[in-house]
Structure formats: structure tokens, C-alpha cells
Amino acid sequence: MYRMPRNEEGDVVFFSGMVNNEDSKQFFLENELRKDMENQYQNFRVVYQPIIQVEQNNSKWIGAEALLRYSNPEIPNLNQMDLIRTLEYSGLIIPIGRWVIAQAVHECSKWNRMGKSKIVHVNLSAQQVSDVGLVEYIRDLCKEEQLEPSNLVMELTETSMLSNFENATAFCNDLLQLGVRVALDDFGTGYSSFNYLKNLPINQIKIDRSYVQNLQENQYNQTFISFMQQLSGQLDLEMCVEGVETQEEFDVVKNKGISLIQGYYFEKPMESEMISREFLKRTIQA
Ligand code: C2E
Ligand code: CA
Ligand code: CA
């Protein structure tokens, strides 16, 4: 069994700054991830951030985005981007990616059995596009869990879509064929070329949250969002704005008539039991 490296006093040294060797940190983290995955994915879990559909006078939780979490007490301050990068770099994103999809499909199926139709979004890394058999895996999961594939939305970032264009478009076409929907995540952070948008097999664009910060004071970002809204309308794509944190940001987004919103202004990501309870409460109230 791999043990956390300690100094002579017995203090854990990696991540404490006493040994600042990136390779050793990486090695330790990878080992812990591998070990936990083999141990029935212990320390991993998936949380869910609601996606809100805003209408004139009310708002409705239409579903949620599944977000991976890893809490290993031996690695207390692991940042999410380091986690995802390590999973990608080590290839572990392939099995953990499938595990996240299975959790999300299971969870969404549960929400749907409780009453009204809910959707779940799942993030995919660029490497997962090359996971042979992934589309069939998703098809079988949906069958087993009796979830309509159209209740599942796979999110790919603009950068991963374009860095691997042929594979990614073939993969997304296969998803669409199955009935699964596709969203282009973090839009505006990559190449942001508008030319390719009309040719991509996608249903939705998610505007990156960097465009939303202090939106009320940023004319450029407001113009960008309005322009994207017009363009997505013409291309028959849905548009979601993420990262809405404040009343002021929400007011601008709402006044532009944007209806799909995610952000701390509504809810932070929540544990699966919690979101189920919320959906149940809302289903009963509705
Ligand atoms: P993302 O897909 O863009 O997910 C949105 C991130 O923004 C989440 O961070 C969410 O907690 C955070 N967020 C949502 N609303 C707000 C807001 O109003 N303000 C602020 N400041 N943040 C907000 P999280 O969970 O730390 O995830 C970070 C990234 O990690 C995700 O960005 C996604 O790229 C990646 N990720 C998470 N789970 C998975 C996964 O299962 N597979 C893959 N491949 N990547 C994942
Ligand atoms: Ca996402
Ligand atoms: Ca995003």
C-alpha cells in the first residue's frame, strides 16, 4: 500500500510546501486516485447544480449539471482544476468519466420517477471522445435505468471540440443519433469563431461565466451576450448563461430575455439527496 510521505517528525510533507516537488505530488495524487477508484470509487461523489428556466414571473428548476467531487483527507486542499487535469493526464478520466455518467443517469432517472421530467448535464473531457464504446455504454445505461436519452445532455468545451474536430463531431453525431443532447461548454474562452457554430452537431451553447462577472458594468460583455443570443436563435440553438451570482447580473440577463441560467444567485452545487428533496418538494407544489 502506498503511504503518505512524512518527515522525521512524522509530519506529512507533500502539499505542505516542505517538499515542493511537482512530480512527487503528481505521483502521490495519481496513486490515491487509482487506489480509491479500485476501492469502489471511495472518496468520489457527484454533486448537482440546478439549471433554471426563467420565465416572466417565475423560475423553474428544469434539471441539473453533474459535477465530480473528490474528498480525500490525505489531500485536503486539492483544487478542482488540478483534479480534472490529473485525471485527464493519467487517463483515469476514462473510467471515472463513465462512472460519473452512470451516477448522473441513475440520479436523473430517480428524479423522473418522482414526477416531472428533469434533465441532467454531464461534462466530458476531450479524451473521452476517444473512449471506444462510450456511446453504446450510454445507450445501455439509459435502457437499464429507463431514462429517455433526450433527458441527458453531454457538455463538451469549445476547446476540446475544436482540438479534436473530426472525432468530436463524429462522436456528437452519434450522441444526437441516440437522442442524447449536446452542449458547447465555456463558450467564449476558446477560439470563439462563429463560422463553425452552424456546422457543429450541438443543441446548446453555454456562455462562460467570465462574461457574466459584473455584467451590469461591462458594455462589451453585454453586447457579446446579446449577439450570441441572436446568433443562437438564428442557428436554432438553446443558450444558457452560467455563473450568475448577483441580483444585478441576473437583472441584466433576464432583461435580455435569456431563459436558461445557472449560478450561485440561484443555487450552488448540492448533494444528491438534497437536490432530490428539492425536486420532490417542487414537484408536489407544482
Ligand atoms: P464547468 O463545467 O464550467 O462547471 C461550472 C463550474 O463553475 C463548477 O465548478 C461550478 O461549481 C462553478 N460555478 C457554478 N456557478 C457559479 C457561480 O455563480 N460562480 C462561480 N464562481 N462559480 C460557479 P466545479 O464544480 O469546481 O468544476 C470546475 C470544472 O471542472 C467544470 O467547469 C468542468 O470543466 C470540470 N468538471 C467538473 N466535473 C467534471 C466531470 O465529471 N468530468 C469532467 N471531464 N470535468 C468535470
Ligand atoms: Ca460544464
Ligand atoms: Ca462551463
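Q: How many residues surround ligand 1, and which are the closest?
A: In this predicted model, 24 residues surround ligand 1, and the closest are Arg-69, Asn-123, Ser-125, Glu-245 and Tyr-264.

Q: What is the distance from a polar side-chain atom of Asn-123 to an oxygen atom of ligand 1?
A: That distance is 2.9 Å, while a polar backbone atom of Tyr-264 lies 2.8 Å from an oxygen atom of ligand 1. On the side of Gln-49, an N or O atom of the side chain is 3.0 Å from a nitrogen atom of ligand 1.

Q: How much of ligand 1 does the protein bury?
A: Taken alone, ligand 1 exposes 800 Å², and the protein buries 87% of that; ligand 1 sits in the largest pocket.

Q: Which strand gives the largest share of the shell around ligand 1?
A: That is S2, with 4 residues, and the elements that each supply at least two residues of the shell also include helix H2 (80–90) and helix H3 (93–114). By type, the shell residues divide into 10 nonpolar, 7 polar and 7 charged.

Q: Switching to the metal, which residues coordinate the calcium ion (ligand 3)?
A: The calcium ion (ligand 3) is coordinated by Asp-185, Asp-186 and Glu-242, the last of these listed with two OE donors, at 2.1 to 3.1 Å. Asp-185 lies in strand S5 and Glu-242 in the loop between strand S7 (238–241) and helix H8 (247–255), 57 residues apart, and this pair links distant parts of the chain.

Q: And what does Asp-185 bridge?
A: Asp-185 bridges the calcium ion (ligand 3) and the calcium ion (ligand 2), which lie 3.9 Å apart.

Note on methods. Residues numbered from 1 in each chain as written. Chains lettered and ligands numbered in written order. Predicted model: local features only at pLDDT ≥ 70, side-chain atom pairs only at ≥ 80, totals over all residues. Heavy atoms only, no water. Near = heavy atom within 4 Å. Polar contact = N/O pair within 3.5 Å; in protein donor to acceptor, adjacent residues only side chain to side chain. Areas by Shrake-Rupley, 256 points an atom, 1.4 Å probe, with all protein chains shown as cover. 1 Å grid on protein atoms, 1.4 Å probe; cavity = no way out; pocket = protein on both sides within 12 Å on 5 of 7 lines; lining within 4 Å. Sits in = over half its atoms within 2 Å of the grid points. Nonpolar A, V, L, I, M, F, W, Y, C, P; charged D, E, K, R; others polar. Donors = N, O, S within 2.8 Å, 3.2 Å for Na, K, Ca; no water.
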